[in-house]
Amino acid sequence: MNFTNPLVYGIPCFLGLILVELTYSKTHKKHQDLYKWKDLMSSLTMGIGSVVLAPLIKTVSAIIIFNYLYELCNPIIDGVRTNIMGWQSFGYTWPIWLICQFLDDFTYYWFHRQNHMVRFLWAAHIVHHSSENFNLGTAVRNGWFTILYKPLFYMWLPAIGFPPEMVIVCLGVEALWQFQLHTAYIPKMGIIEKVFNTHTMHQVHHAKNLEYMDKNHGGFLNIFDKLFGTWKELDDDIDIAYGVTKPPNSHNPLIILTHEYKDIWNDMKKTSNLYYKFMYAFGPPGWSHDGSTLTIKQMRKQQKLEKQATKNELIPSTT
């Protein structure tokens, strides 16, 4: 069966919704700083680049990777497409669509989380987080290099029997949901927050506040964040700040796309130790061999120790 990727219809909607949000923000004094023109132009430039590159990469990944694995792992035996594990390959019934979308979301969680855990992947993903504004324009601010490795995370789905077309459609649905999360105009949504990844949860994800960093990696569900310890609710008492702790300090798209790779290279040159070089490239962002920079876990641990030390100082001595 042939299906059209939902993003084909989504892209014009993306541009229209950005225009609506932009117009609303500029006509209401309270929200006039939601968009900054140079930042928006950078985001749109990178978004256009992704639109040009993505079909080429995704077509290759769908034809060569997904189709190859599907055919290899699901041969036709006696007229029936059967998975090498012994079960009949999946058809296009609605329960299978729901299962595929659920497994797509599970895969997206780990793909997204590893983009924050592995520095070389973070170098591609940091592009999306580099804006200090949280708006629908930021939603299209995507790194061009992410699409080179993203299909590798999803190879297991056609390998176990889901048709490649189904996987591609589910990826498109995921992207549509992710786009609309990038607005600060939608408040907490009550019971919906129990199941779905919502706008306020995604605000947490884009924040550079220490208590918020590396939280809420989910796609349209939040169950995996809750299961694996990365879920965080938006706290109305915290003044949220968006962006990254080490920004590119530029609106030049090429600098935004490549600045973290340059930083990785410079860090690797600091040492001749091969293990240290490997960790600078593939360890968690912030890792350093000399403690000159810290990972988020290390920063949180340090903050906890400092709070404990301050608390101990405030406790009066009994001697």
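Hi everyone, let's start with a pair of helices: α4 and α6 cross in a left-handed sense. Before going further, please keep in mind that this is a predicted model. For a pair like this, two quantities do the describing: the angle between the axes and the distance between them. Here the axes of α4 and α6 are 10 Å apart, and the packing angle is about 120 degrees. That angle falls outside the 65 to 115 degree window for roughly perpendicular and is not over 145 either, so α4 and α6 count as oblique to each other.

Who makes the contact? On the α4 side you can pick out L121, A124 and H125, and they meet T146, Y149 and F153 in α6. Sorted by class, that contact of α4 with α6 has four nonpolar residues, two polar ones and no charged residue.

Now stay on α6 and turn to its other partner for today, α3. Helix α3 covers residues 94-117 and α6 covers residues 146-153; their axes come within 10 Å and cross at roughly 135 degrees. With that angle, α3 is oblique to α6. What is the handedness of the crossing of α3 and α6? This crossing is right-handed, whereas the one between α4 and α6 is left-handed.

If you want to select the contact in your viewer, take T107, W110, F111, Q114 and N115 from α3, and T146, Y149, K150 and F153 from α6. The residues of this contact split into four nonpolar, four polar and one charged. You will recognise T146, Y149 and F153 here, since they also appear on the α6 side of the contact with α4.

Next topic: aromatic rings. How many aromatic pairs does the count come to? The count is 21 aromatic pairs. Let me walk you through two of them. The first is F120 with F282: the ring centres are 5.6 Å apart and the planes sit at 40 degrees, so this pair is tilted. In sequence terms it links distant parts of the chain, with F120 in helix α4 (residues 119-129), F282 in helix α12 (residues 274-282), and the two positions 162 residues apart. Are these two rings' residues buried, exposed or something in between? F120 has a relative accessible area of 38%, so it is partly exposed. F282 comes out at 41%, and it is partly exposed too.

F282 has another ring partner, F278. Their centres are 5.2 Å apart with planes at 35 degrees, so this pair is also tilted. F278 and F282 both belong to helix α12 and sit four residues apart, about one turn of the helix. F278 itself is partly exposed, at 45% relative accessible area.

There is also a cluster to look at: F102, F106, Y109, W110, F224 and F228 are joined by ring pairs. W110 should sound familiar, as it is one of the α3 residues touching α6.

Let me move to a few single residues. In helix α1, which runs over residues 7-26, you will find E21. Is E21 buried or exposed? Its relative accessibility is 5%, so E21 counts as buried. Setting aside neighbours within four places in sequence, E21 is in contact with L34, Y35, N135, L136, H182, T183 and Y185. As a yardstick, E21 and D33 are twelve residues apart in sequence, and their C-alpha atoms are 12 Å apart.

By contrast, K29 is in the loop between α1 and α2, and at 76% relative accessibility K29 counts as exposed. Its C-alpha is 18 Å from that of I18, eleven residues away along the chain.

Last, something for those of you who like backbone torsions. Most residues other than glycine have a negative phi. Which residues go the other way here? D78 is one of them, with a positive phi of about 55 degrees. D78 lies in the loop between β1 and β2, and with 78% relative accessible area it is exposed. N249 is another, also with a positive phi of about 55 degrees. N249 is found in the loop between α10 and α11, and it is exposed as well, at 70%.

That's my tour; thanks for listening, and I'm happy to take questions.

Conventions:
Residues numbered from 1 in each chain as written. Predicted model: local features only at pLDDT ≥ 70, side-chain atom pairs only at ≥ 80, totals over all residues. Heavy atoms only, no water. Axes fitted to C-alpha atoms, helices over the stretch in contact; angles between N-to-C directions. Parallel < 35°, antiparallel > 145°, perpendicular 65-115°, else oblique. Left-handed = near helix turned anticlockwise from the far one by under 90°. Contact = heavy atoms within 4.5 Å. Nonpolar A, V, L, I, M, F, W, Y, C, P; charged D, E, K, R; others polar. Phe/Tyr/Trp six-rings, centres within 6.5 Å; stacked < 30°, edge-to-face > 60°. Buried < 20%, exposed > 50% of the residue type's maximum accessible area, 1.4 Å probe, protein only.
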